[in-house]
Amino acid sequence: MESKEANNRVSGGINVEELGDAHMVEMASTAGSDLSPDAASEDQITPFLTQPEKPRLNIFSVSYPKRKTNKDQIPRLTETETSPFTQFIIWSWSGSRYSGLVCMALSSSVYCTMGILSDVFSVQPIPLFEVAFARCIIISALSFMWLRRSSQPLFGLPNVRSLFVSRAITGCISLLTFIYCIQRLPLPQAMLLSFTTPLMASISARFILHENLNLAEIAGITSSFLGVIFIIRSRDSVQGTEEGQQIHGIYYFYVFLIGIISSLTSGLSYCFLRAGAKQSDQPMVTIFLFGLLSSPFAAICMIIFDNFVLPSFHSFILMIILAILAFVAELFLARGLQLEKTCKVANIQYLEVALYQLWGIASSRVTPSFDGIVGCLIIFISACCTMYLGPEKDME
């Protein structure tokens, strides 16, 4: 038994020693391998083998921000490709400090352009009620497409629908009565009555919208109306129709009273338009309702007072172009009244007379006169003062 235990001890000892020797050999081999040139070369090569993995991560991480920069560059490219005229229109419509006044100036400019196109390209006399009917139809169609495309209610929100309907009714009455007067009164008198609309609008806004009128605003709009008087006096070549020159007595007073009603209802329509647009933030509904209501009444007046004239192709194209411009002018007018005080916007409206007078002088259609030049200067100075002194929004 002792010999077996001794042998086991010897064998166990041998095994332990062998195991110890084996560990020593492995440690020496690893230590030697670390010191060997092959190991050094492997240590120098492995960084180059593992290094490409890091650039891969860097490449992918850089590619993602590149995609972001491309997306960020798309609006920049579109901004650079946008024309200055488009940027000006967007700025005018955006609701900045001067947007209300600028929109009204654009509306007056468009109305002046309509008058110039009518004088230059008109080759066929078309009755005014027929022209009004065509414009109302096209204005209704364009505003209808605008509202449908923007998914907005055609008749506005219920809380402001009565204001929009009131604006449509007063605007329709103003349009039809103005056409009636301009066909029967001498043209200078009819135009003078029509340009009392800004005065009526400012006075109506004082009582309906409770807008305060300071001394500068009253002086500005009064001086602009005085400039209109100077311009109308200077246009000696402008004459009324033969029917208008022949009226006298009670009939003249009757037509003159209708002209006053036209100006008063137009001023009321400005107030209703401003009140409705401010509460609903949507001036397009007022244009749609105005065209929708005025179309049938213009057709009735066309049948009663005028004889239908079939327009030629040239006249038909001109009527369409003028109707589209009328839609643009009405749109800027509604936007201007939505953003700015009524009396300030109404004062800018007189720019139409001054611009048309300057075009008449430049095209030799109007003889230059002292009264005409003074009237234009008064209107331009009044408009510039309104731009400078009254750009703030009416926060009432």
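In the predicted model, the lining of the largest cavity is made up of 4 nonpolar and 5 polar residues, with no charged residue among them. The residues concerned are T177, F178, C181, A190, L193, S194, G259, S262 and S263. Helices α7, α8 (187–194) and α12 are the elements that give two or more residues to this lining. The space enclosed amounts to about 50 Å³, and the structure holds 1 cavity of 30 Å³ or more. Rolling a probe the size of a water molecule over the atoms shows where empty space is left.

Two of the helices that line the cavity also contribute to the surface. A nonpolar surface patch of about 830 Å² is formed by V165, I169, I173, I250, Y251, F253, Y254, L257 and I261. The elements giving two or more residues to this patch are α7 (161–182) and α12 (249–280). Helix α12 provides the largest share, with 6 residues. One of the patch residues, L257, is found in helix α12. L257 has a relative accessible area of 42% and is therefore classed as partly exposed, the range for that class lying between 20% and 50%.

A further space is provided by the second largest pocket, which holds about 230 Å³. The pocket is lined by 13 residues, and those closest to its centre are A216, E217, C385, T386 and L389. At least two lining residues are supplied by each of α10 (215–234), α15 (342–348) and α17 (370–389). By residue class, the lining comprises 4 nonpolar, 7 polar and 2 charged residues.

The structure holds 5 salt bridges. One of them links E217 and K341, with the closest N and O atoms 3.2 Å apart. E217 lies in helix α10, whereas K341 belongs to the loop between α14 (313–339) and α15, so this pair ties together parts that are 124 residues apart in sequence. Both partners fall under the 20% limit for burial: E217 counts as buried at 14% relative accessibility, and K341 counts as buried at 8%. E217 thus appears in two settings, because the residue is among those closest to the centre of the second largest pocket and also lies in helix α10 as a partner in this bridge.

Another salt bridge joins R274 to E211, where the closest N and O atoms are 2.7 Å apart. R274 is located in helix α12 and E211 in the loop between α9 (197–208) and α10, so the contact ties together parts that are 63 residues apart in sequence. R274 and E211 are both buried. Helix α12 accordingly carries R274 of this bridge, together with residues of the nonpolar patch and of the cavity lining.

A salt bridge is also formed between E340 and K344, for which the closest N and O atoms are 3.8 Å apart. E340 is buried, with a relative accessible area of 0%. K344 is buried as well, at 11%.

The segment following α15 includes a further buried position. Q349 lies in the loop between α15 and α16 (351–362) and counts as buried because its relative accessibility is 11%. The C-alpha atoms of Q349 and S224 are 9.4 Å apart in space, although the two residues are separated by 125 residues in sequence.

Two loop residues have backbone angles that merit separate description. Most residues other than glycine have a negative phi. S151, which is not a glycine, has a positive phi of about 55°. S151 is found in the loop between α6 (128–149) and α7 and is exposed, with a relative accessible area of 66%. S364, likewise not a glycine, has a positive phi of about 65°. The position of S364 is in the loop between α16 and α17. With a relative accessible area of 65%, S364 is exposed.

Key:
Residues are numbered from 1 along each chain as its sequence is written. This is a predicted model: local features need pLDDT of at least 70, side-chain atom pairs count only at pLDDT 80 or more; totals for chains, interfaces and linings use all residues. Side-chain values use heavy atoms; hydrogens and water are left out. On a 1 Å grid over the protein atoms alone, a cavity is a set of points where a 1.4 Å probe fits but cannot get out, and a pocket is an open set with protein on both sides within 12 Å along at least five of seven lines; lining residues have an atom within 4 Å of a point. Grid points are joined across faces, edges and corners, and a volume is the space filled by probe spheres set on the points. Helices (H or I, at least four residues) and strands (E, at least two) are DSSP runs, numbered from the N terminus. Ala, Val, Leu, Ile, Met, Phe, Trp, Tyr, Cys and Pro count as nonpolar, Asp, Glu, Lys and Arg as charged, and the others, Gly among them, as polar. Patches are made of residues with over 30% relative accessible area and no salt bridge: like charges are joined within 9 Å, nonpolar side chains (Val, Leu, Ile, Met, Phe, Trp, Tyr) within 5 Å. Accessible areas come from the Shrake-Rupley method with a 1.4 Å probe; for residues, only the protein chains shown count as cover. A salt bridge is a side-chain nitrogen of Lys or Arg within 4 Å of a carboxyl oxygen of Asp or Glu. Buried means under 20% relative accessible area, exposed over 50%, partly exposed in between (1.4 Å probe, protein chains only).
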